[in-house]
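Subject: Handing over a structure, with notes

Dear colleague,

I am passing on the structure we spoke about, and my notes on it follow below. Please keep it open beside this message while you read.

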Amino acid sequence: MHLLELILVCLAAALNLRVTGASRLYGIVLTVWTTLSLSALAADAIRLFEWLPAVQWVRSLGFFWFLASIPICMARAIRRQADQPTMDPQRRQILKSGAALALTPLSGIGFAIHKANQDAAVRVVDIPIPGMPADLRGLKLLHLSDLHVSSFFPIERLRRVVDQANTLNPDLALITGDLITSYGDPLEETIREISRLRACSGIWGCLGNHEIVAGAEEEATHLGQRAGIEFLRSQNRRLHFGKATINVAGVDYQRKGRPYLSQANQLMREDEFNVLLSHNPDVFQQASSQRWDLTLAGHTHGGQVNLEFLHPSLNPALFYTPFIYGLYSQEKSSMYVTSGLGTVGIPARLGTKSEIALIRLV
Ligand SMILES: [Fe+2]
């Protein structure tokens, strides 16, 4: 992540090399942000300042700088052409209109910030499961993920999410990680809010990569236990519904380069409905081959800022996984990937919404 940030800043700096005036401000942002990013490369150093809410904003400013640099530089280049003394007046007018047009993506940035700050929408997803026991039919599973409670997603917003989720009367509440973003984010308050969820068969979860980034895996597990939330870390729990049983298992974030879901099949129970909670969705091939009935995941934020409305391939999450958002099925396995609630990097969403997912087994 920090390497990506550095690359983006360098690109923005290269783009703005010949721009005067505002470039001074950019220069200040560049210096501060690059320093922060470089320091962040050392895991211990980041904790000296990452707890400051302002740090996340300064870093996000760098991203916005990069995004804004492209249209601004394009517009300036076109304007320079238009201002050539030898330019034909009619052509000059066309070029000036083109320069104004080149700035329109800036309004997209404002729109994306606005979208990210809208309250979450409820998405009801019916998942047909062949051979589903009658006692499980119609069961409602609340699925929340990627809360990222931080300076971008204040605790008040989570409070509204919990209130909204409680109106859905779920049977089970399932959380698939990234409760917070960084070290110093309000983990205890976040867990206290989640514990207000009302689901007759309890609140269960797994941890995400940001719990690792924040060094908060143990603390989250401990605080969860105290609040009546169990974060399953290569563990499973069997929940009975009439004569049927749901076996809920959870795994920690599965790191790339290591075998996915190794030994997770030992958490499965024969003749029961096996549900796997995994923060990252790219485990689906493995989950399917292990014959998990249902996998719930998040992590991608639906691409967070994507241009899928132009072409389906314009989604940054595709660099990571083909399972970006929605319902996937393979043989007898299904997976739902939620776009989650919060954001990371920048407080912006484009082409994807903040969502509360309600899974209905049908
Ligand atoms: Fe996330």
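How many bridges join β3 to strand β4 (residues 203-206), and in which sense do the two run? Four bridges join them, and the strands run parallel; one residue pair to look for is I175, whose bridge partner in β4 is G205. Please bear in mind throughout that this is a predicted model.

Overall picture

The protein chain contains 11 helices and 12 strands, and 41% of its 362 residues are buried. Among the contacts with a separation of 6 or more, 75% are between residues 24 or more positions apart.

Around β3

Strand β3 covers residues 172-176, and because five of its five residues are buried, the strand is largely enclosed by the rest of the structure. L172, L174 and T176 point one way from β3, while A173 and I175 point the other way, and all are buried. On another pairing of this strand, β3 is joined in the parallel sense to strand β2 (residues 140-144) over four bridges, and there I175 of β3 is the bridge partner of L144. The path from β2 to β3 includes helix α7 (residues 155-166), and together these elements make a right-handed β-α-β unit. A right-handed β-α-β unit is also made by β3, α8 and β4.

Helix α8, which spans residues 187-194, packs against helix α10 (residues 217-227) at an angle of about 35°, with the axes 10 Å apart, and the crossing of the two is right-handed. On the α8 side the residues that meet the partner are L187, E188, I191 and R192, and on the α10 side they are E219, A220, L223, G224 and A227.

The six-stranded sheet

Another part to look at is an open sheet of six strands, in the order β6-β7-β8-β9-β11-β10 and with mixed pairing. Its edge strands are β6 (235-241) and β10 (326-330), each of which pairs on one side only. Direction ignored, neighbouring strands of this sheet are turned by 20° against each other on average.

Starting from the edge at β6, this strand pairs with β7 (residues 244-251) in the antiparallel sense over seven bridges, and N236 has A249 of β7 as its bridge partner. Further along the order, β8 (residues 273-278) and β9 run parallel and are joined by three bridges, with V275 having L294 of β9 as its bridge partner. Between β8 and β9 the chain crosses through helix α11 (residues 284-289), and this β-α-β crossover is right-handed.

Strand β9 itself (residues 294-297) has L294 and L296 pointing one way and T295 and A297 pointing the other, and all are buried. Four bridges join β9 to β11 (residues 333-337), the two running parallel, and T295 stands opposite M335 of β11.

Nonpolar cores

In soluble globular proteins, nonpolar side chains tend to be buried together. Here the largest nonpolar core has 65 residues, and the members that touch the most others are L142, L174 and L277. Leaving aside neighbours within four places in sequence, the contacts of L277 include L174, W204, G205, V248, A249 and L296, so that anyone following L277 through the model will come upon several residues already named above. A second, separate core has 13 residues, including W65, F66, I78 and A348.

Two residues with positive phi

Most residues other than glycine have a negative phi. Two residues are worth a look against that background.

Are S234 and L261 buried or partly exposed? S234, which is found in the loop between β5 (229-231) and β6, has a phi near 55°, a positive value in a residue other than glycine. With 15 other C-beta atoms within 10 Å, S234 is partly exposed. L261 lies in the loop between β7 and β8 and has a positive phi of about 55° although it is not a glycine. L261, however, is buried, with 22 other C-beta atoms within 10 Å.

With best regards

Note on methods:
Residues numbered from 1 in each chain as written. Predicted model: local features only at pLDDT ≥ 70, side-chain atom pairs only at ≥ 80, totals over all residues. Buried ≥ 20, exposed ≤ 12 C-beta atoms within 10 Å, placed from the backbone. Pairing = 2+ DSSP bridges. Right-handed = clockwise from strand over helix to strand, strands pointing away. Axes fitted to C-alpha atoms, helices over the stretch in contact; angles between N-to-C directions. Core = buried A, V, L, I, M, F, W, Y, C linked by C-beta atoms within 7 Å. Contact = placed C-beta atoms within 7 Å. Left-handed = near helix turned anticlockwise from the far one by under 90°.
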